[in-house]
There are 2 protein chains.
Amino acid sequence: MRLCERPSVCALMVLCAAAVSVHGGNVLVWYTEGSHWINLKPVLETLVDKGHGVTVLLPNTSLYMSASEPSRYRYEPFNTSITMDGFDEFLQAFLHFAIYESTHMSYLQIFARLVEQINMDIELQLRYLDGVLKSPSVMAKLREGRYDVLLADPIYVGSEMVAEMLDIPLVFTLRFSVAHTMERLCGQLPAPPSFVPGTLIKLTDRMSFGERLSNFLFYASQDMLAAWFWKDIDGYYTEYRGKPTSMCEMIGRVDIWLIRTYWDFDFPRPFLPNFKFVGGIHCRPAKPLPQEIEEFVQSSGEDGIVVFTLGSVIKNISADRANVIASALAQVPQKVLWRYGGKKPETLGSNTRIYNWIPQNDLLGHPKAKAFITHGGTNGIYEAIYHGVPMLGIPMFADQPDNMVHIEAKGAARVLHYNTMQSQDLLDALRTVIHEPSYKESVMRLSSIHHDRPLSPRDEAVFWIEFTMRNKGARHLRVQAHNLTWYQYHSLDVILLLLSVGLLLTLLLVKSCGFCVGRCCGRTRNMKNSKSKAE
Amino acid sequence: MRLCERPSVCALMVLCAAAVSVHGGNVLVWYTEGSHWINLKPVLETLVDKGHGVTVLLPNTSLYMSASEPSRYRYEPFNTSITMDGFDEFLQAFLHFAIYESTHMSYLQIFARLVEQINMDIELQLRYLDGVLKSPSVMAKLREGRYDVLLADPIYVGSEMVAEMLDIPLVFTLRFSVAHTMERLCGQLPAPPSFVPGTLIKLTDRMSFGERLSNFLFYASQDMLAAWFWKDIDGYYTEYRGKPTSMCEMIGRVDIWLIRTYWDFDFPRPFLPNFKFVGGIHCRPAKPLPQEIEEFVQSSGEDGIVVFTLGSVIKNISADRANVIASALAQVPQKVLWRYGGKKPETLGSNTRIYNWIPQNDLLGHPKAKAFITHGGTNGIYEAIYHGVPMLGIPMFADQPDNMVHIEAKGAARVLHYNTMQSQDLLDALRTVIHEPSYKESVMRLSSIHHDRPLSPRDEAVFWIEFTMRNKGARHLRVQAHNLTWYQYHSLDVILLLLSVGLLLTLLLVKSCGFCVGRCCGRTRNMKNSKSKAE
């Protein structure tokens with residue numbers, strides 16, 4: 001078959017190459033939770049817009065996903081043995097540990113508790129996975145669905161196994177794994193510890209010797225931990241398939257990795273052809289505000305507004321912290337919109353209004369937005385970058401402190417410590433990000449980097465999902481490194497051989513020299529002996 | 001300044017982000033030669049189409065560039081002390097060595113001759129550079145030009161120094177440097193020798209231990225050679241600026257590297273955010289053929305045509321080789337169009353026509369094209385990939401043998417050795433690529449990879465050139481690795497410290513154990529002694 005029979009058709013084909021799409025593709029979406037689900041939805045909407053069928057696996061226990069939510073995609077429900085209360089209990093215990101308890105703990109205690117938490121999390125995830133893999137009816141439905149691709153956020157384990165069982169391509173969408181262990185060990189993403197800080201370590205790409213040492217040890221320790229934690233999953237997979245199976249090797253077959261950062265937020269680093277950086281995938285222009293909020297915003301006059309949220313997971317904070325925050329906010333001339341589910345703080349100023357929910361993106365995109373007080377979640381940060389609003393970070397847990405280190409290093413944010421900050425600290429920092437021009441300039445530079453790329457992050461993500469469907473995978477983007485052992489990858493066997501040969505040659509040389517010198521000296525001695533005898 | 005004041009405007013802005021361009025930008029283009037110039041022209045045409053002013057530096061001695069050629073860009077001529085005869089003599093001597101002489105030489109002789117050739121080439125290049133850098137009038141004109149960017153193929157040295165003197169961003173467009181030395185050592189492009197074969201080594205990304213060893217040694221030796229050759233250029237730069245200057249460090253400041261390959265032709269490998277792969281930048285749909293050629297092509301009927309060229313540099317071959325080729329071609333049912341400047345071979349068949357020049361791209365894009373006999377230049381290979389035509393490679397010199405190894409490994413070509421092939425070999429190989437379906441299927445797969453990307457290579461190249469103009473560089477894409485030494489990059493100082501600490505702790509442990517054992521044994525001995533004394 002010719003690619004094109006007539007020049008004019010051919011020209012049209014080439015011009016339209018970027019616009020080609022697979023109408024009627026069939027996308028299966030892995031279950032996820034929290035901000036991960038928020039992030040995924042705009043991509044699914046775009047896929048539906050482009051004529052694809054989208055089916056989302058939906059567990060009966062979910063905080064964020066719900067079949068009753070109006071949407072244009074189909075749900076494929078499955079049952080798990082986890083109760084909503086049990087799930088919420090696990091989450092709240094983790095939050096309490098991460099935000100409060102850990103501040104009074106030694107490193108060893110934190111480590112022990114983290115290991116316990118992660119083991120519990122893996123157990124929880126495998127119980128979710130039971131609901132799909134070990135349910136003959138769900139697996140039968142998935143097989144009947146004849147899906148073209150499985151789109152998964154690997155925050156919940158198991159998609160690689162289901163893709164393997166259904167024999168369909170797999171596209172990952174993820175923000176990070178700790179120290180990039182999954183991307184590095186399973187995806188072969190190169191990450192020299194000398195200038196690529198591991199996620200969560202709170203370092204930038206400019207590291208001192210001590211920081212490089214920390215980063216190196218962080219990578220090494222996380223690799224060991226990952227190998228340990230993944231053993232449980234390998235055991236589960238091995239039992240399920242009845243033959244030795246490694247999760248990491250299976251993940252190595254992922255066709256496309258959609259990484260939810262870009263060079264506006266992340267530091268430039270080496271990557272691979274099947275890694276696509278689509279940070280800000282959920283960002284969109286601001287929509288008009290509800291009337292009551294718009295009136296409050298307009299009442300701020302020239303001073304403008306401050307948008308404040310600690311994210312969707314944190315519903316409540318202690319009265320002490322709430323009062324520290326409220327009394328600082330009361331002293332700025334801006335109007336403040338605070339998303340907060342707790343009791344009204346006593347020190348709340350008349351310029352501050354508390355909401356159970358705020359249209360965060362629309363507020364950040366409003367011309368009057370002057371600053372964004374954030375817990376440092378990637379979604380919020382990306383909305384601030386998208387709309388060009390300077391940030392004040394009060395990170396709480398997970399990747400939040402690390403995220404804020406990035407934005408602070410790029411000059412677009414100040415950062416405070418939630419547990420130790422006082423009203424004056426918050427007030428000073430807020431005034432600084434609003435009135436010091438460098439913060440606005442920096443965030444506008446990041447905003448320009450964000451917008452000035454050949455394809456929007458959502459279009460890029462959708463392109464590669466469609467590409468994977470069209471081509472039944474993306475094998476031509478997969479490096480051969482997947483077929484090498486770690487010592488082969490780093491050429492250690494080659495170096496060892498060369499060193500051995502070098503050593504052998506040196507020894508031979510030294511021996512030969514010794515032999516020659518010996519012969520030479522021996523002859524001289526013999527000659528001397530003969531001489532003395534003759535005398 | 002707000003990014004956008006109204007949501008509707010904002011939406012429009014985001015939607016149009018990919019289409020944003022800098023009208024009236026001012027692009028300075030570095031002089032180049034041969035296929036490099038052929039490759040550059042379509043990009044310059046597109047830049048002119050998009051409203052930019054394009055000025056090309058033009059030496060008075062050039063085989064391919066000419067101010068009399070109709071074009072829409074302006075030329076900035078400069079004089080060199082090189083004569084056309086001298087230049088052609090140098091080129092012909094190199095070709096004769098590469099194609100004929102080297103086949104009868106030992107490796108040591110080839111190496112010595114190559115070193116001599118490269119030294120001559122560097123001398124020649126620096127004489128060209130004299131015409132720009134050391135001409136006050138040319139430099140004054142370039143300063144007055146107020147260019148926004150310098151676009152250069154680094155096949156001719158010096159653009160990095162001129163960009164530095166003019167204080168403007170620099171975009172490189174290149175196919176390769178030997179063993180990627182320039183990209184690796186100056187651009188910090190990672191290239192693990194275990195799965196990234198160095199350009200020219202004729203290996204694929206699937207290497208045996210021996211091949212990995214060869215590749216490792218190839219990288220190492222080329223690095224040493226490069227350091228040696230670049231010393232002359234460093235000396236020239238240091239003398240010019242009156243302070244120590246390194247060419248490689250200067251190249252490290254290149255904003256965007258446009259690499260003229262893609263994953264259709266190249267093997268997937270790690271890369272960096274400022275490396276963009278735009279292979280096939282010059283490809284375009286086929287235009288109608290001249291009437292005489294179209295009639296000859298149509299006369300081929302169902303059998304179709306074979307397109308045959310050994311490239312623009314090779315004008316003539318020996319009578320023996322020409323007859324070997326012609327007699328093979330005479331035996332196929334296809335009509336053959338052979339671009340050849342030499343004497344008509346005696347064995348030429350009636351199905352073969354010789355042309356001084358052929359519309360190669362239009363022939364390859366013709367529905368009747370069945371095979372392409374090529375010397376393996378990247379431009380021709382990309383046209384065959386673009387149009388989906390299986391190849392038969394007869395590589396001659398430079399990157400041609402290496403290029404054909406790529407296409408052969410991807411199943412879209414057979415390869416023959418120019419000096420040793422016989423008529424029957426050529427005939428068998430040609431029949432195979434025409435009649436064995438796997439070759440057509442493979443090249444169609446490569447063609448699909450080539451076309452199925454978010455942006456055409458030309459649009460991508462132009463986007464990043466415009467990006468560099470808009471943003472006065474692309475510093476946010478530049479990795480911090482540039483600020484590390486080689487041992488810092490590979491964390492060797494960190495590893496040395498850890499090994500030392502490990503060794504010290506082991507020694508301490510061994511000593512302590514020895515001490516304890518000693519004390520313990522000593523006490524036992526003393527007790528035994530006391531006991532025997534008591535007895």
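What span should the 27 residues of helix α4 (residues 107-133) of chain B have at 1.5 Å a residue, and how far apart are its end C-alpha atoms? This is a predicted model; local features need pLDDT of at least 70, side-chain atom pairs count only at pLDDT 80 or more, and totals for chains, interfaces and linings use all residues. Residues are numbered from 1 along each chain as its sequence is written, chains are lettered from A in the order in which they are written, and side-chain values use heavy atoms, with hydrogens and water left out.

Now the helix. The expected span is 39 Å and the end C-alpha atoms are 38 Å apart, so the two agree. That expectation is 1.5 Å times one less than the number of residues. Helices here are DSSP runs of H or I, at least four residues; strands are E, at least two.

The buried residues of α4(B) include Arg113(B), Ile122(B), Tyr128(B) and Leu133(B). Buried means under 20% relative accessible area, with a 1.4 Å probe and protein chains only. Among the elements covering them are β2 (53-59), α3 (84-99) and α8 (209-241) of chain B.

Next, chain A. Its secondary structure comes to 19 helices and 13 strands. Of its 535 residues, 56% count as buried.

Last, the pair. A rotation of 180 degrees with 0.0 Å of shift along its axis superposes chain A on chain B, RMSD 0.1 Å. The fit is least squares on C-alpha atoms of residues with pLDDT of at least 70 in both. The two copies are therefore related as by a two-fold rotation axis. In chain A, the C-alpha of Phe271(A) is nearest that axis, 2.8 Å from it.

Note on methods
Buried < 20%, exposed > 50% of the residue type's maximum accessible area, 1.4 Å probe, protein only. Contact = heavy atoms within 4.5 Å.
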